[in-house]
Amino acid sequence: MNFNFSEDQLLMKEEVKKLLDKENSVKRNRNVLESDEKFDKELWGQLVQMGLTATTIPEEYGGIGMGFLELCVIAEELGRGIAPVPFSSSVYLATTAILNTSNEELKKDYLPKLASGDIIGTLAHSEKTTFPSESGISVSCKSGKISGKKIAVPDGDIANFAIVSAKTDNDKIGLFLVDLSSKEVEINSLETFDPSRSHADITFNNAEAKELSNDAWENIEKLLNQSAVLFAFEQVGGAEAAMNQAKEYAMGRYAFGRAIASFQAIKHKVADMYISLQLARSNCYYGAWALSNDAPELPTAAATARVSATKAFYECSKENIQTHGGMGATWEFDCHLFYRRARLLSSNIGSQGIWKDKLITSLEKSNSPS
Amino acid sequence: MDFNDTIEEAKFREEVSNWLSANAEKKEHAKDIYRPSEMSSENESGESSALKDAKDWMAKKYGSGWACLHWPKDYGGRDATPMERVIWGQEESKFKVPGGFFEIGQGMAGPVLMSYATEEQKKRYLPPMAKGEEIWCQLFSEPGAGSDLAGIKTKAELDGDTWTINGQKVWTSGAHYSDYGIIVTRSDFSAPKHKGLTYFFLDMKSPGVEVRPIKQITGGANFNEVYFTDVKIPDSQRLGEVGDGWKVSLTTLMNERLAVGDASGVDFQEIFELAKEQDFNGDAAISNGSVREKLADWYCEQSGLKYTKMRNISALSQGSTPGPEASITKIVSANKLQEIANFGMDLMDNASIARDEDTAIFQGSLLGAPLIRIAGGTDEVLRNIIAEQVLGMPQDIRVDKNVPFNEIPTGSKN
């Protein structure tokens, strides 16, 4: 039995961590947050150069042909470093969507350029303040042209193309690829809760679309499940970083003549962070197993990983601020960067309530929850 | 990443499975547990027939070399690897076999004897312990010393080569059917708290030992108070040096935390089934959003614990030492048990108050959960352990450190 990542995968994790540490990824997050930059192009370039965008793309399409397990360890480190780059949009979502399709032409056209980092993609799915249901999609695709509005698309003003969910001529929900530089596409950048990651509203006015699938609701569900595992690893990385910050600060901060880390009120808080983190990490490992084996358990495993990782990052990032006291709530300290990122990642592919509901639905279907 | 056995593991699993199939009845489903053959009345005779069955099963395992797998063969074990022990546990749990009674001896007293007893004593006491012929209990907690275990006051005085013990222990599981016990006592009241302790084992039938059951909030009586009045213990039954009892106790406690695993009682499966069956405002409870949200949280906890265990087993399988992650197990499972039991009764509304087939397991779990959150390290002690021993945070300041024990303030109730 080997319910762990391989030595090579752990080595790769260490390499990504080293790069992000050396490049001071957290500081770079702040730079993007405080400037008009939409992402850190230099850091992105380095990740591309390391081959990370090519991870899951087979060699025949210009990738390096590794699997989702490698992507899991990369995600954890990007989360730890709260990296200000469009990796989740372009790699977890857009690349996986194209890998999932049977449209060979699209694969040949797009995968090599995604691998080389020449282009960036994203998923445009949300339309309203609720997460889209099959009947809730109003963006439409008629005779190969997309019309309608998608809101708060992650990296929508960075990406070269978007994978768009839209209602087809025969009232199914399809997935389509749209070139975002087309003049039939209107992009409005948004002010966001976490400005280290850019978001934009996108309006399509009869924009030309390439079809991934014209009956895709199941494909969308699968794509969300696959990316949920990767988002969960990113969340676990962020949660662990926040827990460690809280611990380090408490060890060095003295009050009442002693390190505040010696008070049980603080120790129990950090122990609770640890508990939440370990539960999430173990669920993530199971998610990784299901994802990499394309197992029938994926819907349950992905939702479980996602729900517990969302909880862990929220708890660790908010209690990290609390442990820091007043300074934790200043702009100057980094605590809020993690707090913002925790919230952003919780929203990006559907909120906690949505995933809890998905989890129970999946258990009802499988009928063997244990 | 996989859950597969290695070739050796698969071979061992087959051997285990074959022996179990030939000697025990397979469970039809996970909750299909063993019940004592003659459950005549609720306490005494029910327990004694359960005890007899458990002893028979243990002796059968011993006879074929399946008792205390990880112990040396010389002491009744099998010299098995940690992974083989795990595989045995996984396979045995698929069969309807009696359990209980031996965990404290085999899990806690055994390892201490192994470390501190003489060779002659090990040969005398360990094999009958492995066989289940002699049962052991652990005499640690006292009315004034629970989480603060080093605060014990049971007095040990040496005269020649015989110690005389006076005092009271409490929360002693199984004292009423135990043959032997391990006990920590105070041999020096003027030394600082942790320095004046001495550790022994003793015959529970010694004159002056009196066992009184404690009736718990569940109505059962699994624990006892044990009184010691001029009980004699030969110095040859001392484990560790005089005054070194704390060090010896830590060996025991370390093993206790490993022995106390998941809390038994209602879990996700029970509340999930109940929510499907139960009506809630004219619809199945499971279709209600607030119910689904709670179910999801508990499922995530259950799954998180399951795969935490898998990560540990995987480490054993790979020949490395498991990480400290398992320290979260009891705290999570005991709280989950309490919350699920309470919510289950909530779902059954006023009918939950009556005791019947449907409500009994939820009622029993709700009453049992508080004890599980306390036994073997309270939630609070476990959080301290995670913070201090796993995360390396500093210990609390101890006002009683380096103070002679007899000068430490005590409350009136001690």
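**View 1. A:Gly174 sits buried, with 25 other C-beta atoms within 10 Å.** Here a residue is called buried if 20 or more other C-beta atoms lie within 10 Å of its own, exposed if 12 or fewer, and partly exposed in between, with C-beta atoms placed from the backbone. This is a predicted model, in which local features need pLDDT of at least 70 and side-chain atom pairs count only at pLDDT 80 or more, while totals for chains, interfaces and linings use all residues. Residues are numbered from 1 along each chain as its sequence is written, and chains are lettered from A and ligands numbered from 1 in the order in which they are written. A:Gly174 belongs to strand S5 (residues 173-179) of chain A; helices (H or I, at least four residues) and strands (E, at least two) are DSSP runs, numbered from the N terminus. Setting aside neighbours within four places in sequence, A:Gly174 has contacts with A:Cys141, A:Ala166, A:Thr168, A:Glu211, A:Ser213, A:Asn214, A:Asp215 and A:Ala216. Two residues are in contact if their C-beta atoms, placed from the backbone, lie within 7 Å. For a sense of scale, look across to A:Pro299: A:Gly174 and A:Pro299 are 125 residues apart in sequence and 20 Å apart in space, C-alpha to C-alpha.

**View 2. Helix H5 (residues 87-100) of chain A is largely enclosed by the rest of the structure, as 12 of its 14 residues are buried.** Follow the helix and you will meet these buried residues: A:Phe87, A:Ser88, A:Ser89, A:Ser90, A:Val91, A:Tyr92, A:Leu93, A:Ala94, A:Thr95, A:Thr96, A:Ala97 and A:Ile98.

**View 3. Two loop residues of chain A, A:Ser143 and A:Asp294, have positive phi values.** For A:Ser143, phi is near 45°, in a residue other than glycine. A:Ser143 lies in the loop between strand S2 (140-142) and strand S3 (145-154) of chain A, and counts as exposed with 7 C-beta neighbours inside 10 Å. The phi of A:Asp294 is near 45° too. A:Asp294 is found in the loop between H8 and H9 of chain A, where 10 C-beta neighbours inside 10 Å make A:Asp294 count as exposed.

**View 4. In chain A, domain 1 meets domain 3, with C-alpha centres 20 Å apart.** The contact takes 17 residues from domain 1 of chain A and 19 residues from domain 3 of chain A. On the domain 1 side, helix H2 (25-34) and helix H4 (68-80) of chain A each supply at least two residues. H4(A) gives the most to that side, with 10 residues. By class, the domain 1 side has nine nonpolar, four polar and four charged residues. Ala, Val, Leu, Ile, Met, Phe, Trp, Tyr, Cys and Pro count as nonpolar, Asp, Glu, Lys and Arg as charged, and the others, Gly among them, as polar. The domains of chain A are domain 1 (7-88 + 105-115), domain 2 (121-214) and domain 3 (218-366), with bounds that come from an automatic or database domain assignment.

**View 5. At the interface of the two chains, 40 residues of chain A are in contact with 41 residues of chain B.** Five elements of chain A give two or more residues to this side: helix H7 (217-252), strand S9 (258-259), helix H8 (264-292), helix H9 (298-324) and helix H11 (352-366). The most comes from H8(A), with 17 residues. The chain A side is made up of 22 nonpolar, 13 polar and five charged residues.

**View 6. H8(A) crosses helix H11 (residues 379-390) of chain B at roughly 85°, and their axes come within 8 Å.** The axes are lines fitted to C-alpha atoms, for helices over the stretch in contact, and angles run from 0 to 180 degrees between N-to-C directions. H8(A) and H11(B) are therefore roughly perpendicular to each other; angles under 35 degrees count as roughly parallel, over 145 as roughly antiparallel, 65 to 115 as roughly perpendicular and the rest as oblique. From H8(A), the contact uses A:Gln264, A:Lys267, A:His268, A:Val270, A:Ala271 and A:Tyr274, and from H11(B) it uses B:Arg383, B:Asn384, B:Ile386, B:Ala387 and B:Val390. These residues divide into six nonpolar, three polar and two charged.
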